[in-house]
Amino acid sequence: MNDLGIRLIALDLDGTLVAGRNKVNDGDIAAIGKAKAAGIKVAICTGRLYNSCREFAKRLELKLPVICCNGACLCTDDEILYSDYINDGVLGFLADECQKQKATYACFLHDGVRLLLADQTEKEKWGMYLDGYATKDVNLFTDREAFLEAIRGKTLKAAYIDDDIDFLETLEKASGDRYIIETTSSWPNNREVTSRGVDKASALQKLLDREGIAWENVMAIGDSMNDHALIKAAGIGVAMGNAEEEIKGLASYITLKIDDCGVANAIEQLIFSDEAYKYILREATN
């Protein structure tokens, strides 16, 4: 078994392991435990802050540091091993454009989320993104200057959300032309910004160097565009059945959807099957 030589599983959370309201399927938990028992390491690679994903690391009894904020930081309970902060100039530009559009704008710091809202009702748009955050970790602002002062020099990831896709695409291009940044997304109606060169793959490289593991021995599982670099770099890239089409196009294997324990299916078929090679470049079926 494990004919593909997988030594580490790089695992996205939302849309991959974690469904709405922070649900994790028992079958996925069992499969991850089975992989760990076989000596395979598991690393969480998420767009979330550490405070909102540490419970999953504990529930799965994972020992490796967690990659957070799309690769902008590497954290454990005891220390922050690595951080990369966004230039304040781009943050002010994004704030201005979001206020003109009345779009919601968020900045993610080690100690929580700062939201700049057109008005207090805009928080409703962020419900799905804030499920994993305690109320005390989310601070709301409607005043631009107070918001920018609160995030100055401390922002790991910025995000803006709006149902106007033309606005998202226009701002992505304008900010990319003007500033040295990376822009991706975790949902169709948002864009997420980090410093140039920062993504889940760049952060995982730091972890692989520390553990002495090569990319060819990594299986990465994800569903959204912020998993793009990770799945492209991994020896075995796995797209969830519910993944975006571009992510499916990158993958070596398309597993089941999240509600059907897609993580467990990938682990069983690609690590514990005696015929793992036959599943590469195929799509799983129930």
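How much area does the protein expose, and what share of it do carbon and sulfur atoms supply? In this predicted model, the exposed area comes to about 12300 Å², of which carbon and sulfur atoms supply 46%. The protein has 286 residues, and buried residues make up 55% of them; its secondary structure consists of nine helices and 17 strands. Among the contacts with a separation of 6 or more, 61% are between residues 24 or more positions apart.

In soluble globular proteins, nonpolar side chains tend to be buried together. Here the largest nonpolar core holds 77 residues, within which Ile9, Leu204, Met219 and Ile267 touch the most other members. Helix H9, spanning residues 262-272, contributes the largest share of this core, with seven residues. When residues up to four places away in sequence are not counted, Ile267 touches Ile9, Ala31, Ile32, Ala35, Met219 and Phe272. A second core, separate from this one, comprises 24 residues, including Tyr105, Phe141, Phe167 and Leu171.

Helix H4 (residues 144-151) illustrates how burial is arranged along a single element, with Phe147, Leu148, Ala150 and Ile151 buried. Viewed down the axis of H4, these buried residues fall within an arc of 160°, and they therefore line one face of the helix. The cover over the buried residues of H4 includes helix H3 (88-101) together with strands E8 (104-109), E9 (112-116) and E10 (138-141). At the start of H4, a side-chain oxygen of Asp143 comes to within 3.3 Å of the backbone nitrogen of Glu145, whereas just after the helix Gly153 adopts a positive phi of about 70°.

Notes
Residues are numbered from 1 along each chain as its sequence is written. This is a predicted model: local features need pLDDT of at least 70, side-chain atom pairs count only at pLDDT 80 or more; totals for chains, interfaces and linings use all residues. Side-chain values use heavy atoms; hydrogens and water are left out. Helices (H or I, at least four residues) and strands (E, at least two) are DSSP runs, numbered from the N terminus. Buried means under 20% relative accessible area, exposed over 50%, partly exposed in between (1.4 Å probe, protein chains only). Contact means heavy atoms within 4.5 Å. Accessible areas come from the Shrake-Rupley method with a 1.4 Å probe; for residues, only the protein chains shown count as cover. The arc is that of the directions from the helix axis to the C-beta atoms. A polar contact is a pair of N or O atoms within 3.5 Å; within protein, one must be able to donate a hydrogen and the other to accept it, and residues adjacent in sequence count only if both atoms are side-chain atoms. A nonpolar core is a set of buried Ala, Val, Leu, Ile, Met, Phe, Trp, Tyr and Cys residues joined through side-chain atoms within 4.5 Å.
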